[in-house]
Amino acid sequence: MASINIIEDKCVGCRRCVAACPFNAIEIIDKKAHIGEKCNLCGSCVESCKFNAIDFQRDEVKIGDLSIYQGIWVFAEQRYGQLKTVSLELLGKARELAKTINVKVTAVLLGHKVEPLSKELVAYGADEVLMVDEEWLNDFNDHIYGETMVNLIEEYKPEIVLIGATAKGRSLAPHISSTIRTGLTADCTSLSMDVEKRLLVQTRPAFGGNLMAEIICPNNRPQMATVRPKVFKPLEADYNRQGKIIKLKKEPIEGSVKLIKNIDNAEGINLSDANIIVGVGRGIGSERNIRLAQELADALGGTLGSSRPVVDIGWLPYSRQVGQTGKTVAPKIYIACGISGAIQHLAGLADIETVIAINSDPEAPIFKIANYGIVGDVREILPLLTEKIRESKK
Ligand SMILES: Cc1cc2nc3c(=O)[nH]c(=O)nc-3n(C[C@H](O)[C@H](O)[C@H](O)COP(=O)(O)OP(=O)(O)OC[C@H]3O[C@@H](n4cnc5c(N)ncnc54)[C@H](O)[C@@H]3O)c2cc1C
Ligand code: SF4
Ligand code: SF4
């Protein structure tokens, strides 16, 4: 097992390693470095020590024959016979990646009575569809779906597996990667191919969004990534495209968790598909004032989004949160009301045509990305805007 130790005789207490550790895991006690429990064995401190006082033992890596893994898979998530748009978005990206390494794109479709969806998957870019259409796959269950995917991966050996970072995808992907013992990068914001090394370069925000990390999986296969909705654009559907549909018969898998009842999100919000979003930030001032933003959203036929503090305070539910730890949205118009424009909030704004910002602080970072900016009190500006919109509708 990997281990890290300070060689006390060599350590001079220079503190270089303290500055190099991104996890604040090192302290200097009595002029000697001490590594604490926060250490996750990342190895970043080793090179910072000019006195060779850090002894870092890496795990021995056994690499199998990776060349037997071929092709890019996209997990085709569906619910009640309707494909999730993120799966179509991933097919478009998979096509682009597949072209660079000359492999085929396979959509993996699990469910019951899902056969009609296979044509749609081909139209959106799949060269072939691996389909398991069984009654026992009617309801999503991460164990049953996960084990089915694991069996298919072991049989067909894809080199890349892409999954939407939806609620289901987020429980399915780790089940697969931990069972197969391969790497998984969650919530990627960009994917590209290092063609020479045949590695998927998976980019995602790290350290609270302060830097973008490029992650690779050089020793294991498949290379797995989840991607949030709206990060990529789907291809235009071409229903004349031809693809191979492979229908597989599989023995039922038992899960220890039984689904008793499906309860839909009571509010039925689908922020990811909204065309107009009025985003509410802490600057709105109080829960009562949220109705001002709601009235504007209603006048525009839009919906409410929010920054994280508004959710943390409890003024709006988590289902409304936009950002790194909330939803990624791609409306045509995003109206940011009393939102400062922190990087973690902006991480949730993908490919928006028009951003309008209302903020009392002319220096607020949101103005840097806004197409239109209104400097002023959001509580005064919102009713004026709503009135204008209602008037123009008349
Ligand atoms: C790991 C991590 C993940 C995070 N994930 C998210 C995320 O998913 N989504 C997210 O939003 N944040 C997230 N955050 C928090 C983020 O860093 C910011 O703190 C947050 O986005 C700020 O929200 P805000 O703009 O509403 O509030 P503030 O930063 O407090 O800004 C309020 C703004 O309102 C303006 N204002 C004040 N009064 C008025 C008024 N009367 N009229 C007009 N303007 C006014 C102010 O000038 C200010 O610009 C995350 C942070 C971390 C560390
Ligand atoms: S960088 Fe090396 S010598 Fe300096 S405190 Fe850390 S372990 Fe000790
Ligand atoms: S291995 Fe990484 S986490 Fe551990 S002390 Fe060194 S830099 Fe910090």
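How many C-beta neighbours does K113 have inside 10 Å, and does K113 count as buried or exposed? This tour of a predicted model reaches that residue at a later stop, after the whole chain, the sheet, the cores and the ligands.

**The whole chain**

Begin with the full chain in view. Its C-alpha atoms fill a box of roughly 75 × 65 × 45 Å along the principal axes. The chain contains ten helices and 21 strands. Of its 394 residues, 38% are buried. Among contacts with a separation of 6 or more, 64% are between residues 24 or more positions apart.

**The seven-stranded sheet**

Next, select strands β11, β15, β10, β5, β8, β9 and β16; in that order they form an open sheet with parallel pairing. At the edges stand β11 (184-188) and β16 (244-247). Each of these has a single partner strand, so one side of each is left without a neighbour in the sheet. On average, and with direction ignored, neighbouring strands here are turned by 20° against each other.

Now restrict the selection to β5 (residues 72-76) and β10 (residues 160-164), which run parallel and are joined by three bridges. W73 may be picked out here: its bridge partner in β10 is V161.

**Helices on the sheet**

Add helix α2, which lies across β5, β8 (105-111), β10 and β15 (223-227). The helix runs at about 175° to β5. Then add helix α4 (residues 142-156), which packs on the sheet and touches β8, β9 (128-133) and β10. The direction of α4 makes about 145° with that of β8.

**The nonpolar cores**

Select V74, L91, A107, V108, L109, L121 and L162. These residues have the most contacts inside the largest nonpolar core, which has 48 residues. Helix α2 (residues 85-101) supplies the largest share of this core, six residues. Centre the view on L121 to see what it touches: A76, L91, A107, L109, A126 and V129, leaving aside residues up to four places away in sequence. Apart from this core lies another, of 35 residues, which includes I284, I290, L304 and A364.

**The surroundings of two ligands**

Turn to ligand 2, which is surrounded by 14 residues. The closest are C11, C14, R16, C17 and C49. The shell around ligand 2 consists of ten nonpolar, two polar and two charged residues.

Move on to ligand 3, which has 14 residues around it. Here C21, C39, C42, S44 and C45 come nearest. Around ligand 3 the shell has eleven nonpolar, three polar and no charged residues.

**Three points in loops**

Select N52, in the loop between β3 (32-35) and β4 (54-57). N52 is not a glycine, although its phi is positive, at about 50°. The residue is exposed, with 10 other C-beta atoms within 10 Å.

Next comes K113, the residue of the opening question, in the loop between β8 and α3 (117-123). Its phi is near 60°, a positive value in a residue other than glycine. K113 has 12 C-beta neighbours inside 10 Å and counts as exposed, since a residue is exposed if 12 or fewer other C-beta atoms lie within 10 Å of its own.

For the last stop, select R221 and P222. The peptide bond from R221 to P222 is cis, with omega near -5°. P222 lies in the loop between β14 (211-215) and β15.

Notes
Residues numbered from 1 in each chain as written. Chains lettered and ligands numbered in written order. Predicted model: local features only at pLDDT ≥ 70, side-chain atom pairs only at ≥ 80, totals over all residues. Near = placed C-beta within 6 Å. Nonpolar A, V, L, I, M, F, W, Y, C, P; charged D, E, K, R; others polar. Core = buried A, V, L, I, M, F, W, Y, C linked by C-beta atoms within 7 Å. Buried ≥ 20, exposed ≤ 12 C-beta atoms within 10 Å, placed from the backbone. Helix = DSSP H or I, 4+ residues; strand = E, 2+ residues; numbered from the N terminus. Contact = placed C-beta atoms within 7 Å. Pairing = 2+ DSSP bridges. Axes fitted to C-alpha atoms, helices over the stretch in contact; angles between N-to-C directions.
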